[in-house]
Amino acid sequence: MVRMEKLNKHFGPLHVLKDVDLAVIPGEVVVIIGASGSGKSTLIRCINGLEEFQQGYLDVDGKVLKPHGKASQALQEIRTEVGMVFQQFNLFPHLSVLENVTLAPRKVRQASREEAMNTAHRLLERVGIADQASKYPAQLSGGQQQRVALARALAMEPRLMLFDEPTSALDPEMIGEVLDAMRELARDGMTMVIVTHEMNFAREVADRVIYIHQGEIIEQGTPDEVFDNPQNERTQSFLSRVLTH
């Protein structure tokens, strides 16, 4: 689903991603961990073209993205096949929950109003907030808003879902409801790349855990391998800090 080879990303003089190699197979759940500023979010934003990269090779579901953000048909196709959920919910405040979820299928996939409405109701039921369909984002809790954002991404019928720290803006009591919805996706076989600080969640849902340090993949393996028997000193140091809190 994703093949990344020797990918390099710079922000001016700052070298953010350094010769990153990554492959994600269909149905796999890959969780990326690492300290703030390590390049985790930048990595997944490169996958759907939200960030351009300067060197390397990137193939997403058979579509090759070009370095330097060159406009291409591949980029437009990737944008319709890759869903993304961000730290902030990015909902349209003037639209109801139902309208937020139906907007993309109607605009991008040219679905009929009836088709989009049926899809939206089904997905809102799936993420556990069907009873909130007529409300506006400001009337919802943070956890509910993030589940609307998840339903909106799923309404595009993506082949790949990216998550950029989807619980980091939530109060602690709201984190569980978003993680539960993501667990359901994992059980259903959705291909997912997840950046998160929720280590217990990572251990539970990941097929593979990747640790990034200063723009480089330092270690990767199964959750048991990475969390219980890390081989790299930097991984050991990072986990010793985050797993004790």
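N100 touches L91, F92, L95, P137, V148 and R152, leaving out residues up to four places away in sequence. That makes N100 a handy place to start a tour of this model, which is a predicted one.

**Around N100 and helix α3**

N100 sits in helix α3. Is N100 buried or exposed? N100 is buried, because its relative accessible area is 1% and anything under 20% counts as buried. N100 has company in this: the buried residues of α3 are V97, L98, N100, V101, T102, A104 and P105. What do these buried residues pack against? They pack against two other helices, α4 and α5.

Let's take α4 to begin with. Helix α3 covers residues 97–108 and helix α4 covers residues 113–126, and their axes come within 9 Å and cross at roughly 125°. That angle makes α3 oblique to α4, and the crossing is right-handed. On the α3 side, the contact is made by V97, L98, V101, T102, P105 and R106, while α4 brings in R113, A116, M117, A120, H121 and L124. Sort the residues of this contact by type and you get eight nonpolar, two polar and two charged.

A useful bit of background here: an α-helix has 3.6 residues a turn, so residues three or four places apart point the same way. Keep that in mind when you look at the α3 names again: V97, V101 and P105 are among the residues that touch α4.

Just after α3 comes Q110, and its phi is positive, near 55°. We'll come back to that kind of value below.

**Helix α5 and its partner α6**

Now for α5, the other helix that the buried residues of α3 pack against. Helix α5 runs over residues 142–154, so there are 13 residues in it, if you count along. From the first C-alpha to the last, α5 reaches 19 Å, close to the 18 Å expected at 1.5 Å a residue. How many of the residues of α5 are buried? The count is 13 of 13, and α5 is mostly covered.

Helix α6, residues 172–187, packs with α5 at an angle of about 20°, and the two axes are 8 Å apart. The two helices are therefore roughly parallel to each other, since angles under 35 degrees are put in that class. The crossing of α5 past α6 is right-handed. The contact is made by G142, G143, Q144, Q146, R147, L150 and L154 of α5, together with M174, E177, V178, A181 and L185 of α6. Six of the residues in this contact are nonpolar, four are polar and two are charged.

Here are the two helix pairs side by side:

| Helix pair | Angle | Axis distance |
|---|---|---|
| α3 and α4 | roughly 125° | within 9 Å |
| α5 and α6 | about 20° | 8 Å |

One residue of α5 deserves a closer look, namely A149. A149 is buried, with a relative accessible area of 4%. Which residues does A149 touch, if you don't count those up to four places away in sequence? They are V85, F89 and L91. A149 and L91 are 58 residues apart in sequence, yet their C-alphas are 6.8 Å apart in space. L91 also turns up in the list of residues that N100 touches.

**The start of the chain**

M1 lies in the segment before strand β1 (2–11). M1 is buried, with a relative accessible area of 17%. Leaving aside its neighbours within four places in sequence, M1 is in contact with V24, I25, P26, D59, V60, D61, R159, L160 and T191. A138, by contrast, is 137 residues from M1 in sequence and 36 Å from it in space, C-alpha to C-alpha.

**Two loop residues with a positive phi**

Most residues other than glycine have a negative phi, and most peptide bonds are trans. With that background, two loop residues are worth finding in the model.

N90 isn't a glycine, but has a positive phi of about 55°. You'll find N90 in the loop between β6 (82–85) and α3. N90 is partly exposed, with a relative accessible area of 46%.

Q214, also not a glycine, has a positive phi near 50°. Its loop is the one between β9 (208–213) and β10 (216–221). Is Q214 buried or exposed? Q214 counts as exposed, because its relative accessibility is 53% and the cut-off for exposed is over 50%.

Methods:
Residues numbered from 1 in each chain as written. Predicted model: local features only at pLDDT ≥ 70, side-chain atom pairs only at ≥ 80, totals over all residues. Heavy atoms only, no water. Helix = DSSP H or I, 4+ residues; strand = E, 2+ residues; numbered from the N terminus. Expected span 1.5 Å × (residues − 1). Buried < 20%, exposed > 50% of the residue type's maximum accessible area, 1.4 Å probe, protein only. Axes fitted to C-alpha atoms, helices over the stretch in contact; angles between N-to-C directions. Parallel < 35°, antiparallel > 145°, perpendicular 65-115°, else oblique. Left-handed = near helix turned anticlockwise from the far one by under 90°. Contact = heavy atoms within 4.5 Å. Nonpolar A, V, L, I, M, F, W, Y, C, P; charged D, E, K, R; others polar.
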